[in-house]
Amino acid sequence: MSVSVRGVTKLYGAQKALDNISFEVKSGEIVGFLGPNGAGKSTMMKIITGFMPPSSGNVLVNDIDVGNDNIEIRKKIGYLPENNPLYPDMFIREYLGFVASVYKMGSSGRKAINEIIEVTGLIPEQNKKIGALSKGYRQRVGLAQALIHNPEVLILDEATSGLDPNQIVEIRNLIKEAGRKKTVLFSTHIMQEVEAICDRIIIIDRGIIKADEAKNNIYSRLHGTVQTITVEFDRAPDETILRNILNVKNVLHLKDNLWQIESDGRDDIRPQIFSFAVANKLTVLSLQKKQNNLEEVFRHLTN
């Protein structure tokens with residue numbers, strides 16, 4: 001099942017939260033949806049799930065317009081909103097039973113509740129009221145309600161918020177497993193989660209898509225920016241000669257014989273550093289090129 005967003009604009013009075021947004025998420029694909037606060041991420045997710053109409057444009061879920069068949073579409077979508085609204089006075093099983101009844105799951109609801117409690121790691125807390133749970137376990141309950149009816153599309157807004165490192169790994173694996181058969185749109189501020197989970201990344205800023213790339217390709221957005229090399233020699237080099245290496249922009253002495261070299265060219269300058277060492281009878285003890293990461297790409301595109 002695919003989700004197709006076509007020319008969606010959303011206005012709040014004179015403020016344009018989304019500006020002619022278009023993208024598609026296909027079945028079996030996990031797409032990271034990133035942006036700074038106020039970029040329009042949650043608005044876009046609410047429009048996809050039918051909780052909010054766009055000012056213009058439309059959203060198709062499996063070629064069905066969300067605006068025309070809202071109720072039928074919601075049956076196919078599992079949604080965990082950012083604020084994770086729950087009923088604190090209800091017990092976990094009671095709440096999940098209520099959600100199952102909303103989806104009219106009938107006799108299959110009881111089995112689904114048992115399965116989803118196990119899958120989301122809620123067994124130790126299953127007999128507690130939601131209001132007595134930690135934030136991490138409440139987040140699990142929110143994820144459980146999004147998954148209980150086995151939806152074909154999963155929309156997750158800050159799904160790992162408030163989880164400890166062990167819980168994050170468990171939820172990460174759960175999302176990756178779900179992504180094999182479902183269409184998943186995943187929003188978070190934790191860049192490591194996106195790098196670990198997602199196949200493709202969309203970055204939005206001020207209501208405009210700044211990037212829509214496969215995960216392995218998005219780092220190319222940093223081409224032309226500074227290349228940073230850390231090198232350790234067996235003894236101190238001549239800094240003046242070191243600065244004269246082609247395309248070297250800056251040289252910083254970190255400590256002892258450890259140096260940081262910055263280049264503003266696209267070409268890898270590590271071979272030139274080796275040549276410099278040979279010419280100056282230096283031994284290179286370590287040489288490391290700083291790898292671009294998603295956080296740098298994000299800052300570069302949204303700064």
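**Exercise 1. The crossing of helix 3 and helix 4**

Find the handedness with which helix 3 passes helix 4 in this predicted model, then describe how the two helices pack.

*Solution.* Start with the crossing itself: helix 3 goes past helix 4 in a right-handed manner. Next, take the geometry. Helix 3 covers residues 92-102 and helix 4 covers residues 108-119; their axes lie 10 Å apart and form an angle of about 130°. Now classify that angle. Roughly perpendicular runs from 65 to 115 degrees and roughly antiparallel begins over 145, so helix 3 is oblique to helix 4.

**Exercise 2. Who makes the contact?**

List the residues through which helix 3 and helix 4 touch, and sort them by character.

*Solution.* From helix 3, pick out Arg-93, Leu-96, Gly-97 and Ala-100. From helix 4, add Gly-109, Ile-113, Asn-114, Ile-116 and Ile-117. Sorting them gives five nonpolar, three polar and one charged. Remember while you sort that Gly is placed with the polar residues.

**Exercise 3. Positive phi outside glycine**

Locate Asn-247 and Lys-281, and decide for each whether the residue is buried, partly exposed or exposed.

*Solution.* Take Asn-247 to begin with. Asn-247 is not a glycine, yet its phi is positive, about 75°. Look for Asn-247 in the loop that links helix 8 (239-243) to strand 12 (248-255). Its relative accessible area is 30%, so Asn-247 is partly exposed.

Now turn to Lys-281, also a non-glycine residue with a positive phi, here about 55°. Lys-281 sits in the loop between helix 9 (270-279) and strand 14 (284-289). The cut-off for exposed is over 50%; Lys-281 has 70% relative accessibility and therefore counts as exposed.

Methods:
Residues numbered from 1 in each chain as written. Predicted model: local features only at pLDDT ≥ 70, side-chain atom pairs only at ≥ 80, totals over all residues. Heavy atoms only, no water. Helix = DSSP H or I, 4+ residues; strand = E, 2+ residues; numbered from the N terminus. Buried < 20%, exposed > 50% of the residue type's maximum accessible area, 1.4 Å probe, protein only. Axes fitted to C-alpha atoms, helices over the stretch in contact; angles between N-to-C directions. Parallel < 35°, antiparallel > 145°, perpendicular 65-115°, else oblique. Left-handed = near helix turned anticlockwise from the far one by under 90°. Contact = heavy atoms within 4.5 Å.
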